[in-house]
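Work through the exercises below with the sequence and the coordinates open. Each one sets a task and then solves it in steps.

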Amino acid sequence: MTAIPAGQDVTGTRQLAAWRERVMPPVEQLAGGLWSIPVPIPRNPLRYVSSYAFASGGGPGGGLVLLDTGWTASEAWDALVAGLESIGAAVTDVRGVLVSHMHLDHAGLAGRVRDASGAWIAMHPADHAVIANPDLRDAEHAVAREVAFLRSLGAAAQEAAASVGSPDEYRAFTSIALPDRELSDGDLADVPGWRLRAVHTPGHTPGHLCFVDELSQRLFAGDHILPRITPNISVHALEGTQPLADYLESLAKVRDLDVDEIMPAHEWRFRGLAQRADDIAAHHERRLGELLAAIAANPDATSWDLAGCLTWSRSWDQYSGRMRISAVTETAAHVIELVRRGLISSSGGEVPTYRVAARAVG
Ligand SMILES: [Zn+2]
């Protein structure tokens, strides 16, 4: 049985039932002119992203705006197209795509939807800047850049190269569609008939956006707040310098929003925003405490080595490739936060190592 956080009020009960049965949830109509379409993410434990379809200006005939689209895979595309057909619409009816953040499971199909329909694509300027960076538009450069970044975290040359993989594996990332429009904090999205207010929530990515529907008091949370898992908060070569501090601030920013239901991009819909925000913040505080103890026990270690000193859901030697990279970059995000709080000090230099700060010991 999938463990759900104690006391969580699950509203996406069909989603949770499907999760437990290990099948895809159904397309659901959530309100007049609002549907969720599950789009599978192949070979990924997240299983699917929920693409939300908003009828703009009446029924599907007036056009649709999608919030998030799905991974760049043919089975994802087919599911999105079939989902739209099941609500009486077609891809050609889509007039806009809102992107919660630049990751492939959210933005991957946006370009293909635009090609098919002429829709605009909108995202936050900070994520736009990351995916438009020339170093990320070229797979060879992107690989070299990430290898160098992992070496700065303490990876040996060979391990860094093996973990990152080949430029071919990078191509999907380097061809993510660039947006036609930008949405900043407080902007209203261009969805006639709805009042979807963008809330900038940096952390998971520098330009992550949630949307509050001010008419129905729903929070479309993207990956910022998920009901069961915590989103990966990592440092990246080209992104923010203190992602965990940003993320904790973004949690506080949404915690007390006057919303009734949370509509996440993965897993299931639920109620109880403040409780979930508190639980996720507490998770990171526990993790910071565990890391501080690891640094006390292993002075002068790199982030790469410290990651192997923490507890993970499986044994550390089972983490390779992308999994190891995200474990290390998430550890590094916590290291940066401990430095920022003055609890540890960095040696500086090309490959920093860390010690518990003198004043933290006394
Ligand atoms: Zn996601």
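**Exercise 1. The second largest pocket**

Which helices each supply at least two residues of the lining of the second largest pocket? Describe the lining as well.

Solution. The model is a predicted one.
- Step 1: The helices are α7 (139–152) and α13 (321–340), each supplying at least two lining residues.
- Step 2: The largest share of the lining, three residues, comes from α13.
- Step 3: In total, 15 residues line this pocket, and F149, L153, V235, T241 and I336 lie nearest its centre.
- Step 4: Sorted by class, the lining holds nine nonpolar, five polar and one charged residues.
- Step 5: The volume of the second largest pocket is about 230 Å³.

**Exercise 2. Helix lengths**

Take α13 and α10 and compare the end-to-end span of each with the expected span at 1.5 Å a residue.

Solution.
- Step 1: The expected span is 1.5 Å times one less than the number of residues.
- Step 2: For α13, with 20 residues, this gives 28 Å, and the end C-alpha atoms are 29 Å apart, so the two agree.
- Step 3: For α10, with 13 residues, the expected span is 18 Å, and the distance from the first C-alpha to the last is close to this, at 18 Å.
- Step 4: Just after α13 comes G342, with a positive phi of about 80°.

**Exercise 3. The buried side of α10**

Which residues of α10 are buried, and which elements do they pack against?

Solution.
- Step 1: Buried means under 20% relative accessible area.
- Step 2: In α10 (243–255), the buried residues are P243, L244, A245, Y247, L248, S250, L251 and V254.
- Step 3: These residues pack against β9 (196–200), α11 and α13.
- Step 4: P243 also belongs to the lining of the largest cavity, together with G203, H204, T205, P206, S234, E239, G240 and D246.
- Step 5: The largest cavity holds about 60 Å³ of space, and its lining has two nonpolar, five polar and two charged residues.

**Exercise 4. Nonpolar cores**

How many residues does the largest nonpolar core have, and which have the most contacts inside it?

Solution.
- Step 1: The largest nonpolar core has 35 residues, and L64, L80, L84 and V97 have the most contacts inside it.
- Step 2: Helix α2 (residues 74–86) gives the largest share of this core, five residues.
- Step 3: Leaving out residues up to four places away in sequence, V97 touches L66, T69, A110, V113, A119, W120, I121 and A122.
- Step 4: Separate from this core is a second one of 29 residues, which includes V199, I233, A301 and Y354.

**Exercise 5. Positive phi outside glycine**

Where are R43 and D300 placed, and how exposed is each of them?

Solution.
- Step 1: Most residues other than glycine have a negative phi.
- Step 2: R43 has a positive phi, near 50°, and is placed in the loop between β3 (34–40) and β4 (48–55).
- Step 3: R43 counts as exposed because its relative accessibility is 81%.
- Step 4: D300 has a positive phi of about 65° and is placed in the loop between α11 (273–297) and α12 (303–307).
- Step 5: D300 counts as partly exposed because its relative accessibility is 39%.

**Exercise 6. Three charged residues**

Is R269 buried or exposed? Classify D256 and E182 too, and place each of the three in the chain.

Solution.
- Step 1: R269 is found in the loop between β12 (261–264) and β13 (270–271).
- Step 2: At 5% relative accessibility, R269 is buried.
- Step 3: Contacts of R269, not counting residues up to four places away in sequence, include V10, T11, G12, Q15, E28 and Y52.
- Step 4: D256 is found in the loop between α10 and β12, and is exposed because its relative accessible area is 58%.
- Step 5: The C-alpha atoms of D256 and Q275 are separated by 10.0 Å, with the two residues 19 apart along the chain.
- Step 6: E182 lies in strand β8 (residues 181–182) and counts as partly exposed, at 45% relative accessibility.
- Step 7: The C-alpha atoms of E182 and A122 are 5.2 Å apart, although 60 residues separate the two along the chain.
- Step 8: Not counting residues up to four places away in sequence, E182 touches M123, P125, H128 and D187.

Technical notes: Residues are numbered from 1 along each chain as its sequence is written. This is a predicted model: local features need pLDDT of at least 70, side-chain atom pairs count only at pLDDT 80 or more; totals for chains, interfaces and linings use all residues. Side-chain values use heavy atoms; hydrogens and water are left out. On a 1 Å grid over the protein atoms alone, a cavity is a set of points where a 1.4 Å probe fits but cannot get out, and a pocket is an open set with protein on both sides within 12 Å along at least five of seven lines; lining residues have an atom within 4 Å of a point. Grid points are joined across faces, edges and corners, and a volume is the space filled by probe spheres set on the points. Helices (H or I, at least four residues) and strands (E, at least two) are DSSP runs, numbered from the N terminus. Ala, Val, Leu, Ile, Met, Phe, Trp, Tyr, Cys and Pro count as nonpolar, Asp, Glu, Lys and Arg as charged, and the others, Gly among them, as polar. A nonpolar core is a set of buried Ala, Val, Leu, Ile, Met, Phe, Trp, Tyr and Cys residues joined through side-chain atoms within 4.5 Å. Buried means under 20% relative accessible area, exposed over 50%, partly exposed in between (1.4 Å probe, protein chains only). Contact means heavy atoms within 4.5 Å.
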